[in-house]
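Here are my notes on the model you sent, set out as numbered points. Please read them with the sequence and the coordinates open beside you.

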Amino acid sequence: MSGRLLKKVLQEHEDSKLQKHHEEEEEEDEEESGARSSINPFDLLNDGDEDPEEIDDETIAEKKNEDADHQSSVADHVQPVSKNKSKKKKKKKNKESGSNVPKAEMTLDETLEALGLNANSKQDKVQETKPNADSSKKASSRFVLEIDSKYLNLENELRRTYGSKAMRSFESESGSQGGSSSRRGGRRGVHHITKTVLVSPKENWSRWDRSFSMEFLETKDGNNYFRYTHSSSYEQAQRAFQAAQAIHDLNGVASVLIHNPYHIESLITMADYFKFVGENDMAADSIGKCLYGLERAWHPMFTPFQGNCRLEFNHDENKLFFKTLFTHMRNMDRRGCHRSALEVCKLLLSLDTSNPVGALFCVDYFALRAEEYAWLEQFSEEYRNDNSLWLFPNFSYSLAIARVYLEKMEPTSSSEATPRDTSKQSSLDLMTQALKLHPTVLNKLVEKVPLKDQAWTKILKHSYFRSDESKIPSLDHLIKIYVERNYLIWRLPDVQKLLRSAADLVIESLEQDGTEAESWLCVRLEAFSSENNQYSHLSTHDFSDSMPTLPPDNLQNFVADPRMVGGEQMAEGGGRGQHQAPPPRPRDLANRSPLAVLIESILPWANFGDGEDEIAHDAHHQPDNNG
């Protein structure tokens, strides 16, 4: 009996040691899992639909409950059978592995390092790029243009702005209006719509036909270069579109979309037409289809939201993506979604640094409207460009406006009194500098905003602010774009007060030093070319908020109007317009495409007639009994 008792005591002693060892291992495993959860690589797949703060709170609460249950079960010995099973399993694991915990940690770190998902990977990249000045500029430009994909969703910003209830009521109304067509489309066949980032696809959109794709070109300076490529079916649709465009046949463009629903140029043409006739929702829907098809064609290596992908504008196949993105950005702006428009503008800048569509001349506007004042200052300091950004009219004035609101936020940013950062200029100094550099902006702003105070009339009488032309074509063009894009911001009283104070200081400074005006003229001539307008490809209208309407006489630019072809020629040939063209015959709807009929019904000269007109028309052409 004494030998059995001795063996039992030794066995219990060994079991207690193993239990303590396993508890220590479990605590270390929990600590490691907590450390790894902060750099979970699957978090990168989150599309922004869920709130990360709520998820973290739930997981932390669950972990605490699990720890409490585990400790209570160990202390009270409630389930000895399960303990023995777990001990046996742990013994088997220890025997099979034959290794300790540090080895598992090494393999995890190696895996994270191989995947590039280390928590400090971004900081390591910044530190690696510090020795080289050029690489540091490129790295900073890349980081400042990193895009938060959750802000690209237009519906999310509308919900944040107007509330979920208002959005649900709007969606229900729009769904009830278009419900019949969507239900008819559902009976024809339901297909899966892949979720995209740039736009939320609708259920009634056609299936992605894979008519074009994207190919990888090369890797240069740490950036990956890509280009869109077209299939043979897309090229055939392109030839049909060009044939319809040559004769201004809108029905021909519609027939191209029937067989090729994601032909980009046809969709853009229909979007332009819908915009001119006032159908803004249909125009936005056409642009959304373009973005859906373009994003579905992305290469697996194409990750544009990280700022390391290039899609050069000089490739003809890439130009439509820039045009579609720019139009989508303007649609967001018209709906008041300035934060989403800012992200799209950042995407345009990151894809091609040569600024082909002029995104650099409206990024400051969207940053101010989205109240991203600190980011605007960071962008102006870190963005890599041939010239300093503050030399451009839009940045010289927008940085001063951003500093106004940052100065208002400084006292409330912290409870303790902190010394002010003297390295940055005040808003008054920045505005004074902007007026000295670009004085012609003031004259245009007073007229465009408009500023009706009599004090502005006195200021504009000064010789330095009298003219509204700088005699430099490229600079004058940029000033027109800036005033057309940003004039709404100058309607705020705080901004007007700052502008007036700065203008008075400029006049006072010029009266004291007469050579200062010539010095600033030399700066303008050196910064901007006086021989040619390098920004002539940018249209001022593209930066305007106004919605143009096409006069009826110019609708022939989209489709051939039968009245234009026959009616006006007969009127001109008749001498004084005595002969008028008869109204067009009602068109037959039999065996017609529904999409073509829908588009044609919007045309002002389309006449489908009603039931009585068709009966009268048939009776008029029906032979009577007398033959």
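1. I begin with a single residue pairing in the sheet, where asparagine 224 has cysteine 309 in strand 3 as its bridge partner. Please keep in mind throughout that this is a predicted model. The pairing belongs to the contact between strand 2 and strand 3, the latter covering residues 309-310, and these two strands run in the parallel sense over two bridges.

2. Asparagine 224 also appears in the pairing with strand 1, since threonine 219 stands opposite asparagine 224 in strand 2. Strand 1 (residues 212-220) and strand 2 (residues 223-230) are antiparallel and are joined over eight bridges, and a further pair in this ladder sets serine 213 opposite threonine 229 of strand 2. As a general matter, the strands of a sheet pair through backbone hydrogen bonds, in either a parallel or an antiparallel sense.

3. The link between strand 1 and strand 2 is a hairpin with two residues between the strands, and aspartate 221, which lies in the turn, has a positive phi of about 55 degrees.

4. What is the order of the strands in the open sheet? The order is 1-2-3, in a sheet of three strands with mixed pairing, and the edges are formed by strand 1 and strand 3, each of which pairs on one side only.

5. Turning to the helices, helix 11 (residues 250-259) packs with helix 12 (residues 264-276) at an angle of about 135 degrees, and their axes are 9 Å apart. That angle makes helix 11 oblique to helix 12, and the crossing of the two is left-handed. Helix 11 brings Leu250, Val253, Val256 and Leu257 to the contact, while helix 12 brings Ser266, Leu267, Met270 and Tyr273; by class, these residues comprise seven nonpolar, one polar and no charged. In general, an α-helix has 3.6 residues a turn, so residues three or four places apart point the same way.

6. For helix 13 (residues 280-296) and helix 14 (residues 316-334), the axes come within 10 Å and cross at roughly 135 degrees. Helix 13 is therefore oblique to helix 14, and this crossing is left-handed. On the side of helix 13 the contact involves Ala284, Ile287, Cys290, Leu291 and Leu294, and on the side of helix 14 it involves Phe321, Thr324, Leu325, Thr327, His328 and Asn331. The residues of this contact divide into seven nonpolar, four polar and no charged.

7. Methionine 282 also has its place in helix 13. Why does methionine 282 count as partly exposed? The reason is its relative accessibility of 27%, because a residue counts as buried under 20% and as exposed over 50%. Methionine 282 and aspartate 272 are ten residues apart in sequence, and their C-alpha atoms are 9.9 Å apart in space.

8. Is helix 20 (residues 440-448) mostly covered or mostly uncovered? Helix 20 is mostly covered, with seven of its nine residues buried. The buried residues are Thr440, Val441, Leu442, Asn443, Lys444, Leu445 and Val446, so I would ask that Lys444 be read as buried in this model, under the cut-off of 20% relative accessible area.

Methods: Residues numbered from 1 in each chain as written. Predicted model: local features only at pLDDT ≥ 70, side-chain atom pairs only at ≥ 80, totals over all residues. Heavy atoms only, no water. Axes fitted to C-alpha atoms, helices over the stretch in contact; angles between N-to-C directions. Helix = DSSP H or I, 4+ residues; strand = E, 2+ residues; numbered from the N terminus. Parallel < 35°, antiparallel > 145°, perpendicular 65-115°, else oblique. Left-handed = near helix turned anticlockwise from the far one by under 90°. Contact = heavy atoms within 4.5 Å. Nonpolar A, V, L, I, M, F, W, Y, C, P; charged D, E, K, R; others polar. Buried < 20%, exposed > 50% of the residue type's maximum accessible area, 1.4 Å probe, protein only. Pairing = 2+ DSSP bridges.
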